[in-house]
Amino acid sequence: MEQFKGQPSLPKFAVPKRYDINLKPDLVKCKFAGTVKIVVDIVADTKFIVLNAADLCILNGSVQLKCQSSSKVLEPSEVELVQQDEILVLGFDEVLPNGVAVLTVGFQGTLSDSMKGFYRSVFYHNGEKKNMAVTQFEPADARRCFPCWDEPAAKATFKITLDVPSELMALSNMPVIDEKLSGDCKVISFQETPIMSTYLVAVVVGLFDYVEDHTSDGTKVRVYCQVGKGNQGTFALKVAVKTLELYKEYFAVPYSLPKLDMVAIPDFALGAMENYGLVTYRETDLLYDYEHSAAADKQIVAIVVAHELAHQWFGNLVTMEWWTHLWLNEGFATWMSYLAVDRLFPEWNIWIQFLDQTREGLRLDSLAESHPIEVEINHAAEINEIFDAISYKKGASVIRMLQSYLGPHCFQRALASYIKRHACSNNKTEDLWAVLEEESGEPVNQLMSSWTKQKGYPVVTVKVKDQQLEFAQSQFLSSGCHGDGQWTIPITLCCGSYDARHNFLLKEKSASLDIKEFLGCSIAKQGLMETRENAECSWIKLNVDQTGFYRVKYDKDLASRLRYAIEGTYLSATDRFGILDDCYALCMAPSPVFDLFDYLDGCLS
């Protein structure tokens, strides 16, 4: 058994196909018991089956393997739980026959207060403190509820049955198909799920109120909350219904389950969790009180709901192969949530607020101690370390940068193709780049690899010399030190007007462009050095609408021209913010070649 210890992932001797899970939580003693029957395909000669399990007690004599080809029932001679690696190793006396078999395991566990695995949350009903049972499996905690192949690529279907007190509600990923009373308890069976990863399985047992609505194509949507708070779920319900319909149109693929439940959990470690068909939330991220909540709370609810529902396509229907690609899951859902909220509530100008995401990503990624967006994960214990602002905020920002460069229509068409091509399967980051390359004809893989596989970002210096625009890139570090990073930068710029936009890729450390040939607008034909009376057509702004994840440093002349663009209100609020933020960052990074007062005099005085 030693060969299985300390490994980054499970051996591929057996592949799970279907789980039949029975759980019986005891909400008074805060314990649970269960059995799982797993249909597996033995694909290699082996005497071992290795799967994940943690914080569980495997019941003596409960483990057996029934081979479909021979109806032979095998019992393991060795059953070992390796707590350090969170694996269950089953050793048999003979080589297992290849083909389909059913592995049965009985187990017990504790409903802990850890807010992971199958855990206990507390609520109050009529002034009395009560327990509810909740699951939180991402990234690798399904193994704390039932033995399983707890890796995102090990997709299977799940048939879940719960034995719960008769007065309580029980929810799971799919609708209830059968409910039988048995004394003070009831046995609830749920419809079998489509193929999905273990981290998306969910169970909630408690006492709830709910509000309900339907999408135009009949999908039932509910928001569950503590008894007496039902009216606080109505805003999230409206957002969810509209967002499902928006995503159906955007991805050109309908929501794939017959229902969507969203549940407010009193004790919840995260903001929310995108469990397939049963999304769980911290109460403050789902409930909105029209009489007492702040306007900012309304926006938070809308963004969080839109984020989790984006995962129903991008993460649940199409799933990362391994946690190395987590950034794409979370970065994409973050970007998509702002896209959805902007469509639903255009009066909020939410893309201006998205600058907070980009600005925080830029701040953290300017540190020498930053890390690449895409981090190699070698063990499950490392996964939680990359659920950070680099994955979410920089990830969302570089996706927005790519969408801005390729164009929104091209980007949408490519995403729809990607979802259809990879539905119900697992993918790597490069799979998305490949589809985007096909659709756009641009070198997306080369472009994006420079942003995902190295840490940091560039500052682009631009100046005018002899009717040439000269560009240079260098790594920006808040310490003022020099970095050696180099990026393929999608430069966007506008000249005198937002109607005169131009794009190009800065692939080298430096490049120059002929103003007249490249810009092709009135400013280029007349020469860049216009009189200040014609300032409205004589300025150049890089990183239009701040969609790029880089900073810009202008020479004194270009900065001076931007001053008049600002004074004449030719620049959007987003671009004015970007100029100010870049100026501040360049000032705070000690640099002997940056004269703040000279720059401010040209740009912002």
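Does Thr 334 count as buried or exposed, and at what relative accessibility? Thr 334 counts as buried, at 5% relative accessibility. The legends below walk through this residue and several other close-up views of a predicted model.

**View 1. Thr 334 sits within helix α3.** Welcome to the first stop, where Thr 334 is the residue to look for. Setting aside residues up to four places away in sequence, Thr 334 touches His 307, Gln 357, Tyr 392 and Ala 396. One of these partners, His 307, is among the buried residues of α2.

**View 2. Helix α3 is largely enclosed by the rest of the structure, because 16 of its 19 residues are buried.** The end C-alpha atoms of α3 are 27 Å apart, which agrees with the 27 Å that its 19 residues should span at 1.5 Å a residue. Val 341 also has its place in this helix. With a relative accessible area of 1%, Val 341 is buried. Its contacts, not counting residues up to four places away in sequence, are Ala 302, Ile 303, Ala 306, Pro 346, Trp 348 and Ile 350. For Val 341 and Ala 306, the C-alpha atoms are 7.1 Å apart in space, while the two residues are 35 apart in sequence.

**View 3. Helix α2 is mostly covered, with 12 of its 17 residues buried.** From its first C-alpha to its last, α2 reaches 25 Å, close to the 24 Å expected at 1.5 Å a residue. The buried residues include Ala 302, Ile 303 and Ala 306, and these three are touched by Val 341. Also among the buried residues of α2 are Gln 299, Glu 308 and His 311.

**View 4. Phe 314 and Phe 332 form a stacked aromatic pair.** Their rings are 3.8 Å apart centre to centre, with 15 degrees between the planes. Phe 314 lies in the loop between α2 (295–311) and β22 (318–320) and Phe 332 in helix α3 (residues 326–344), so the pair ties together parts that are 18 residues apart in sequence. Phe 314 is buried, with a relative accessible area of 3%. Phe 332 counts as buried too, at 1% relative accessibility. Now widen the view a little: both rings belong to one aromatic cluster, formed together with Tyr 247, Tyr 250, Phe 251, Tyr 255, Trp 313, Trp 335, Phe 411 and Tyr 418.

**View 5. Tyr 19 and Phe 158 make one of the aromatic pairs in a structure where a search finds 32.** The ring centres of Tyr 19 and Phe 158 are 4.7 Å apart and the planes are at 5 degrees, so the pair is stacked. This pair links distant parts of the chain, 139 residues apart, with Tyr 19 in strand β1 (residues 14–26) and Phe 158 in strand β12 (residues 157–165). Both Tyr 19 and Phe 158 are buried.

**View 6. Two arginines lie over the faces of aromatic rings.** In one close-up, Arg 222 lies over the face of Tyr 210, at 4.0 Å from the ring centre. In the other, Arg 551 lies over the face of Phe 476, at 5.7 Å from the ring centre.

**View 7. Helices α5 and α6 pack at an angle of about 115 degrees.** Helix α5 covers residues 389–406 and helix α6 covers residues 408–422, and their axes are 6 Å apart. On the α5 side, Ile 399, Leu 402, Gln 403 and Leu 406 make the contact, and on the α6 side, Pro 408, Cys 410 and Phe 411 do. These residues divide into six nonpolar, one polar and no charged. A familiar face here is Phe 411, which is also part of the aromatic cluster.

**View 8. Phe 268 lies in the loop between β19 (259–265) and β20 (272–273).** At 5% relative accessibility, Phe 268 counts as buried. Leaving aside neighbours within four places in sequence, Phe 268 is in contact with Met 115, Tyr 119, Gln 136, Met 273, Thr 280, Tyr 281 and Arg 282. Phe 190 is 78 residues from Phe 268 in sequence, and their C-alpha atoms are 24 Å apart in space.

**View 9. Helix α11 spans residues 556–567.** Its 12 residues should span 16 Å at 1.5 Å a residue, and the end C-alpha atoms are 17 Å apart, which agrees. Buried residues of α11 include Leu 558, Arg 561, Leu 562 and Ile 566. After α11 comes Thr 569, whose phi is positive, near 55 degrees.

Definitions and conventions. Residues are numbered from 1 along each chain as its sequence is written. This is a predicted model: local features need pLDDT of at least 70, side-chain atom pairs count only at pLDDT 80 or more; totals for chains, interfaces and linings use all residues. Side-chain values use heavy atoms; hydrogens and water are left out. Axes are lines fitted to C-alpha atoms, for helices over the stretch in contact, and angles run from 0 to 180 degrees between N-to-C directions. Helices (H or I, at least four residues) and strands (E, at least two) are DSSP runs, numbered from the N terminus. Contact means heavy atoms within 4.5 Å. Ala, Val, Leu, Ile, Met, Phe, Trp, Tyr, Cys and Pro count as nonpolar, Asp, Glu, Lys and Arg as charged, and the others, Gly among them, as polar. Rings of Phe, Tyr and Trp (its six-membered ring) pair if their centres lie within 6.5 Å; planes under 30 degrees apart count as stacked, over 60 as edge-to-face and the rest as tilted. Buried means under 20% relative accessible area, exposed over 50%, partly exposed in between (1.4 Å probe, protein chains only). A charge sits over a ring if NZ of Lys or CZ of Arg is within 6 Å of the ring centre and within 35 degrees of the ring normal. The expected span of a helix is 1.5 Å times one less than its number of residues.
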